[in-house]
Structures are given as C-alpha cells and as structure tokens.
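Let's take a walk through a protein together, one stop at a time. Have the picture ready and follow along.

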2 protein chains.
Amino acid sequence: MSHSSLLMFVQEMSRMLQGKPAEPEILTRGAELLATLVANDNWLPEPFTRPHPQHYQQYLLYADPLDLFSVVSFVWGPGQKTPVHDHMTWGLIGMLRGKEVDTHYHKQANGSYLPSESVVLLPGQVGSVSPATHDVHEVANFYQDRTSISIHVYGGNIGRINRHVFDPATGLPKSFVSGYCNSVVPNLWK
Amino acid sequence: MSHSSLLMFVQEMSRMLQGKPAEPEILTRGAELLATLVANDNWLPEPFTRPHPQHYQQYLLYADPLDLFSVVSFVWGPGQKTPVHDHMTWGLIGMLRGKEVDTHYHKQANGSYLPSESVVLLPGQVGSVSPATHDVHEVANFYQDRTSISIHVYGGNIGRINRHVFDPATGLPKSFVSGYCNSVVPNLWK
Ligand SMILES: [Fe+3]
Ligand SMILES: [Fe+3]
Ligand SMILES: [Mg+2]
C-alpha cells in the first residue's frame with residue numbers, strides 16, 4: 001500500500017509550521033489539510049486500525065522530531081470513550097471511519113465542568129480543540145457495535161505532554177501522560 | 001526499549017540541517033553525532049537488525065519529511081556486499097556491529113573504475129562518501145560467518161534517489177532506486 005496521502009499531509013504540515021504561523025492560521029489551514037487527508041479512507045495501514053477490547057488505542061503515525069506537531073490514529077472499540085480531559089496545545093480531529101461524539105466541557109464558577117454542545121463527527125469532518133477557547137472535552141464512539149477511527153493532529157508531541165483528566169462534578173484534575181501503544185510507525189515512503 | 005539515542009541523533013541532525021550549513025560542516029559535525037550514536041550498540045530495535053539470506057538489507061530508521069536527511073540500518077549477512085555504486089548526495093557510515101570493508105573507486109581516463117584505498121570499519125568508527133570528492137564505492141561484510149550492521153546517514157531520502165551501479169571494467173552505469181525493505185520504522189518516543 002502507498003502511504004502517500006499521509007506523506008503529503010506530513011509534508012504540508014511541516015512546511016506550514018516551520019513558517020511559525022499564528023494559531024488561528026494553523027487551525028484553519030490545518031483543518032483544510034486534515035479534511036483532505038480523511039476525505040479518503042484508503043491509506044491507513046491495518047496495524048494502526050486495530051481496536052483493543054478494553055480501551056481506546058492511540059497509535060502514533062508521525063511526530064516531528066523537534067515537537068512541531070504529531071499525528072495519531074485514535075481507534076475506538078464499540079462503546080469506548082475518553083474521560084473528560086485537556087490537551088495543553090491546539091488539536092484537530094479528522095473523522096476517518098465510523099462516527100464519534102465530541103462533547104465540550106466548560107468550567108463553572110464553582111470549579112465543576114458542565115457539558116455544552118455535542119458535535120457528531122462523520123467521516124471527512126474535522127473538529128478542533130484549543131487552550132485559547134475550548135481545550136476540555138470528552139470523545140466517545142457513537143457506535144455500540146463497531147469500531148470508529150479518527151486522525152488527531154496536535155501542536156506538539158501529544159503522547160509526551162503532561163496534561164489532565166477531570167472529575168466534572170468537582171473539577172478536580174489528575175495529571176497524565178498518554179504515551180503511545182505502538183513501537184513502530186508507518187514508513188511514509190513505502 | 002528506549003530509542004532515545006536515535007531520537008537525540010535525529011533531533012541534532014534536524015537542528016543542524018535546518019540551519020543550512022555547507023557540506024564540509026555537515027560531514028564534520030554529522031560524523032561526530034554519528035560516532036556518538038554508534039558508540040553504544042544498545043538502541044537498535046531487533047526488527048531492524050535482521051539479515052536476509054540472499055542480499056543485504058536496507059531498513060529505513062528515519063527520514064525527514066522534507067528530504068533534509070535519512071537514516072538507514074544496513075544489515076550484511078555473512079559474505080554479502082554491494083555492487084560498485086554512487087549516492088548523488090553526501091553520506092556517513094557509522095559501524096554499529098561486526099566489521100565492514102569500504103573500498104573507494106576512482107574513474108580512470110578510459111572510463112573504467114579502479115579501487116584505491118580500502119578502509120576497514122570497526123564498531124564506533126565512521127566513514128563517508130561525497131559527490132564532491134569520493135562518491136563511488138563498494139561495501140562488504142568483512143565476515144564470512146556472521147552479520148555486520150552499519151548505520152548510514154544521507155543528505156536526502158536515499159531510498160528515493162535515482163543513482164547508479166557501475167561495471168568497474170567498462171565504467172558502464174546502470175540506474176537504480178534502492179527503496180527500503182521495511183513498511184514500518186521505529187517510534188522514536190517508545
Ligand atoms: Fe482529546
Ligand atoms: Fe554506499
Ligand atoms: Mg522536520
């Protein structure tokens with residue numbers, strides 16, 4: 001299989017980010033590039049599509065060695081979802097396969113978090129997060145009976161960033177570093 | 001296993017090459033960095049150390065998405081060697097395991113190529129090639145009874161570059177693109 005779609009995405013993101021644009025430009029242009037990437041579901045190698053029976057999987061697909069950005073395949077088994085969490089950097093979510101529900105949470109005066117809008121993402125659609133405006137959310141597979149896959153892009157090496165999960169009722173944060181489940185990533189030229 | 005040695009090498013090479021230094025500086029500084037990388041043989045994941053019974057293997061370890069450089073694990077089975085070939089870009093050879101013989105060839109007035117010095121590379125040692133001075137060579141495993149491994153670094157994506165093998169007697173070139181044998185590369189953060 002040719003990974004040239006992923007290679008072209010990585011090349012365009014590298015060129016853009018090496019020019020050090022402001023975050024709004026990154027989110028706008030990045031969303032266009034990611035929409036192009038997830039417009040076709042013919043490029044993701046099978047080893048990076050496998051669900052885990054107990055929890056969602058985060059397969060690193062590419063990370064810039066100097067932490068400009070990272071690209072991750074999120075694979076949601078039936079009914080799986082994240083805790084309420086933050087990112088500490090901008091992020092883009094491109095839906096590749098299946099359907100997911102992205103629920104944003106907003107901090108209240110008493111410290112708790114309340115859900116607001118829920119966005120349903122269909123294949124080809126792109127969502128976002130940003131510490132500037134909406135960094136806290138929960139993501140769930142829409143389906144109880146099949147796998148969904150989305151491609152996430154972040155303004156750093158997301159698997160290495162110290163971030164937080166929240167108990168929405170109390171707002172209490174717990175620190176975590178997500179890491180990755182895979183020891184090898186795609187050869188973009190194979 | 002931590003690949004942090006390889007990650008640090010890739011980071012330092014990326015920083016250096018993004019500054020667009022001249023080739024002599026690349027070869028000097030790159031050789032220092034590569035010598036540090038191959039000073040220890042504790043970081044190369046096993047899937048990228050496997051010889052093939054019939055021919056030497058070229059495992060891509062890392063390539064810059066914008067073709068600044070690439071890093072390849074060359075695995076030589078017993079008695080295996082390359083044809084006489086060129087690179088069309090600067091290259092560095094860092095010996096990791098075993099021993100290899102690097103023989104340089106020089107073009108004669110009649111078009112043929114004659115071998116000159118043969119360099120024996122031991123673990124930790126670094127050799128080079130450069131179109132400016134010495135681009136044509138042949139590399140052989142010193143051993144007839146065991147595997148040798150060297151880590152090569154090139155000023156482009158070497159598996160994609162159009163280059164040449166030569167019949168030394170006639171000097172006749174044949175075009176080739178080497179490609180890579182692996183469909184996945186190491187996750188540098190795992
Ligand atoms: Fe998230
Ligand atoms: Fe060579
Ligand atoms: Mg780069």
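Before we start, a quick word on vocabulary: helices and strands here are DSSP runs, at least four residues for a helix and at least two for a strand, and they are numbered from the N terminus. Keep in mind, too, that what you see is a predicted model.

Now try the numbering out on a real spot. Find strand 6 (126-129) and strand 7 (137-141) of chain B; S130(B) sits in the loop between them. Is S130(B) buried or exposed? Its relative accessible area is just 1%, and buried means under 20%, so S130(B) counts as buried. And which residues does S130(B) touch, once you skip those up to four places away in sequence? They are E23(B), L27(B), W90(B) and D135(B).

Let's zoom out to a whole chain. Chain A has two helices and eleven strands. Reading along the sequence, you meet them in the order α-α-β-β-β-β-β-β-β-β-β-β-β. The radius of gyration of chain A is 16 Å, close to the 16 Å that the globule rule gives for 190 residues, so chain A is as compact as a globular protein of that length. If you want to picture a box, the C-alpha atoms of chain A fill one of roughly 50 × 40 × 30 Å along the principal axes.

What about the inside and the outside? Of the 190 residues in chain A, 54% count as buried. The surface that chain A exposes comes to about 8,200 Å², with carbon and sulfur atoms supplying 53% of it. As for contacts, take those in chain A with a separation of 6 or more: residues 24 or more positions apart account for 73% of them. Charges get a look as well: chain A carries 13 positive and 16 negative side chains, and the centres of the two sets lie 6 Å apart.

Time for the metal. Which protein atoms are the donors of the iron ion (ligand 1)? They are the NE2 atoms of H85(A), H87(A) and H137(A), lying 2.1 to 2.2 Å from the ion. Along the chain, these donors follow the spacing H-x1-H-x49-H. Two of them link distant parts of the chain: H87(A) is in the loop between strand 2 and strand 3 (91-97) of chain A, while H137(A) is in strand 7 (residues 137-141), 50 residues apart. Both H87(A) and H137(A) are buried.

Chain B has an iron site to visit too. For the iron ion (ligand 2), the protein donors are NE2 of H85(B), NE2 of H87(B) and NE2 of H137(B), at 2.1 to 2.2 Å. Their spacing reads H-x1-H-x49-H. H85(B) is buried, with a relative accessible area of 7%, and H87(B) is buried as well, at 1%.

Next, hop over to the loop between strand 1 (57-63) and strand 2 (70-76) of chain B, where you'll find L66(B). L66(B) is partly exposed, with a relative accessible area of 26%. Which residues is L66(B) in contact with, leaving aside neighbours within four places in sequence? The answer takes us across to the other chain: Q11(A), S14(A), R15(A) and Q18(A). You can also find G156(B), which is 90 residues from L66(B) in sequence and 8.6 Å away in space, C-alpha to C-alpha.

Stay in that loop for a backbone detail. Most residues other than glycine have a negative phi. D67(B), however, has a positive phi, near 65 degrees, and is not a glycine. It lies in the loop between strand 1 and strand 2 of chain B and is partly exposed, with a relative accessible area of 40%. Over in chain A, D67(A) has a positive phi of about 65 degrees. D67(A) sits in the loop between strand 1 (57-63) and strand 2 (70-76) of chain A, and at 39% relative accessibility it counts as partly exposed.

One last stop: R146(A), in the loop between strand 7 and strand 8 (148-154) of chain A. R146(A) is partly exposed, with a relative accessible area of 42%. Not counting residues up to four places away in sequence, R146(A) touches W76(A), G77(A), P78(A) and N141(A). F69(A), 77 residues from R146(A) along the chain, is 29 Å away, going by the C-alpha atoms.

Note on methods: Residues are numbered from 1 along each chain as its sequence is written. Chains are lettered from A and ligands numbered from 1 in the order in which they are written. This is a predicted model: local features need pLDDT of at least 70, side-chain atom pairs count only at pLDDT 80 or more; totals for chains, interfaces and linings use all residues. Side-chain values use heavy atoms; hydrogens and water are left out. The radius of gyration is taken over C-alpha atoms; the globule rule is 2.2 Å times the number of residues to the power 0.38. Buried means under 20% relative accessible area, exposed over 50%, partly exposed in between (1.4 Å probe, protein chains only). Contact means heavy atoms within 4.5 Å. Accessible areas come from the Shrake-Rupley method with a 1.4 Å probe; for residues, only the protein chains shown count as cover. Lys and Arg count as positive and Asp and Glu as negative; His and the chain ends are not counted. The place of a charge is taken as NZ of Lys, CZ of Arg, CG of Asp or CD of Glu. Donors are N, O and S atoms within 2.8 Å of the metal (3.2 Å for Na, K and Ca); water is not among the atoms, so sites may look incomplete.
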